[in-house]
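Hi everyone, thanks for coming. Let me pull up the structure, and then I'll walk you through a few things in it.

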Amino acid sequence: MTSRLQCRWSPYVFVAPFVLVFCVFTLYPLLQSVRLSTMQTFGPRSETFVGARNFQYLLGDPLFWKAVRNTCVFAAGSLFVQLPCSLGLAMLLNRPNLRGRAIFRLIFFAPSLVGLVFVAIIAALVFEKHTGLLNVALHDAVGFDIDFPWLDRYVMPAIILAALWVYVGFNMVYFLAALQNVSRDLVEAAMIDGASKWEQFKNVTIPAIRPVASFIVLMSLIGSFQLFELPYVLLNNGGGPDNQGLTIVMYLYQTGFQTGDLGYASAIGWVLAIALAAMAFVHRRLSRNEEAEAA
Amino acid sequence: MNTVEATHTTARVTDVEPNANPLATQLSPLPVPPMLGPKRPRLGMRRRNAIGTAIVYAVLIVAAALTLVPFAYLICSAFKLNADFFGSIFLPKGDGFLGIAWNKLTTSHFGRLFEQLAFGRNLVNSLFLASVTSVGATLCCAAGGYALAKQQFRGRGLVLAMVLGSLIVPGALLIAPSYDLLFHLRLLDSYTGLILPAIAPAFGVFLFRQAAMSGVPNALIEAARIDGCGEFRIFFGIVLPMLKPMVGAFLLITYLGAWNNFIGPQIVLQSESRFPLSVAVAQLKGTYGQDYGLLMAGTLVSILPVLALFLMLQRDFIAGLTSGAVKG
């Protein structure tokens, strides 16, 4: 229904900033990255055409595959350690008549406000061997090995723990919102029908929060695969001992800005983008299947 | 609008008379046998509930303490002398009140940061970048979102496609070509080169579109048009005020994002005097890696402003964050 009173050109003024920024800083770089991925560059000033060689080299690049392995380990940690903790906390906070819910929520959410750079600096001290906060505290409490070499040999677990601290509260807030939106009528109907607490959870709560949980899982996956700042600053601008902390985006950054080969970096970027698109596609398929089954 | 604050109280079962089964009257015309109605809690059930509640509180308190420990560690470390640093986890032990050597605490690290290392400059840079980016992004996204939601124009579908397409593109893919572009536009080492690409993020347009669609009634806008209001006056005078929760939340989200942004300034900026706190602190780690007190003091200065801001505006923030994910 077009309003005849609406000024003809004002919408264009309203969307102009976005459209301009999109075309210049999203669309154009996107197209450029396709072109760049076929080039080898020496900084931004010079480039030579190499065709598909970047991708060929990438497939056989051991550093790249190391990065992929590390990133997958991190993503698995996020999915199977972090998200269950978030959901668990959300369920605890969802308990009716809980006092101080707002304060708990605030406390759990606070770490996600700290920039990953700053988290990395704190983590560097926390995970230090022999004098770090974690080892000392665990040693005093349960006799944990005070020289446990987090940053020498257990780099990814340390990073997973650090990310856990940052993001548990963040995802918990989403889960909590979803839990609090579960239709009370449904829960009461189940209760009246004599369902046990577990049956209520399985047949009413879980299906009700499935869309939000699904969204969180996907966002978490996509975010995990782009991990860069945390390990980069934590490991002193590198991948750490034996590149245990090297992630895909960190490798992209190193090749693009330390070696100067923006072409190879673009190729890495595209491989990542395609992998993420595949993940999103699979995710969409899975959720559609679940919805069809539920119907 | 979903209120995350909704606290529900389950109906007290003791309020229901055992004979007047509500199911009989409301849901079914047949009398329902009493055993299927809501149960009156026996003594055992009440005790089980109390234990359950105690466990819940215990777990929550432990989890909250674990979450706060790094913050406490950070604050204490910022005021400890490097010599005392590893003598104790939190505050240095001594003869003072509560067994803490209060006299050994120092603000020398902050002094060094601001006097010798020009940290104040970095702080101002962060403040400037975050403020300009957040205000600019909020305006641009609110305008775009409103137009997509409430105005008719040719190309509306195309713009929407641009928004959705942007959401799909992973940021990492654009790092290398963006640097190339900024180099050729001569925008490297400038705030313009940092702010411009971030001034109209697609997710913002999307959020405001949702907010406008559900929060601003068409009838209101039509009435204003009939009254002769110009489109801009409608936007600034009617729509923006109605979208205040989303405006507040989005301002915070973008402020936070710009403040904590590391990879952007690291790539684009080259002069030290232009570095924001994120890059400055990362550099501190490189140069003064062993000067733990200094590092912690710098980090504390960097996170305090946003934590304070969040404390003041938290309700809007969380409501705005979750409005996109939960259907309402």
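When I say contact, I mean heavy atoms within 4.5 Å. By that rule, 94 residues of chain A touch 103 residues of chain B.

Quick housekeeping: this is a predicted model, where local features need pLDDT of at least 70, side-chain atom pairs count only at pLDDT 80 or more, and totals for chains, interfaces and linings use all residues. Residues are numbered from 1 along each chain as its sequence is written, chains are lettered from A and ligands numbered from 1 in the order written, and side-chain values use heavy atoms, leaving out hydrogens and water.

So, how many salt bridges link chain A and chain B? Zero, taking a salt bridge as a side-chain nitrogen of Lys or Arg within 4 Å of a carboxyl oxygen of Asp or Glu. On chain A's side of that interface, helix H1 (residues 10-36) gives the largest share, 20 residues. Helices here are DSSP runs of H or I, at least four residues, and strands are E runs of at least two, numbered from the N terminus.

Over all chains, though, the count is seven salt bridges. In one of them, A:Arg35 pairs with A:Glu47, with the closest N and O atoms 2.9 Å apart. A:Arg35 sits in helix H1 of chain A and A:Glu47 in strand E2 (residues 46-49), twelve residues apart.

Last stop: H10(A) bends by about 55° at A:Arg210, with A:Pro211 following within four residues. That bend is the angle between axes fitted to the seven residues ending there and the seven starting there.
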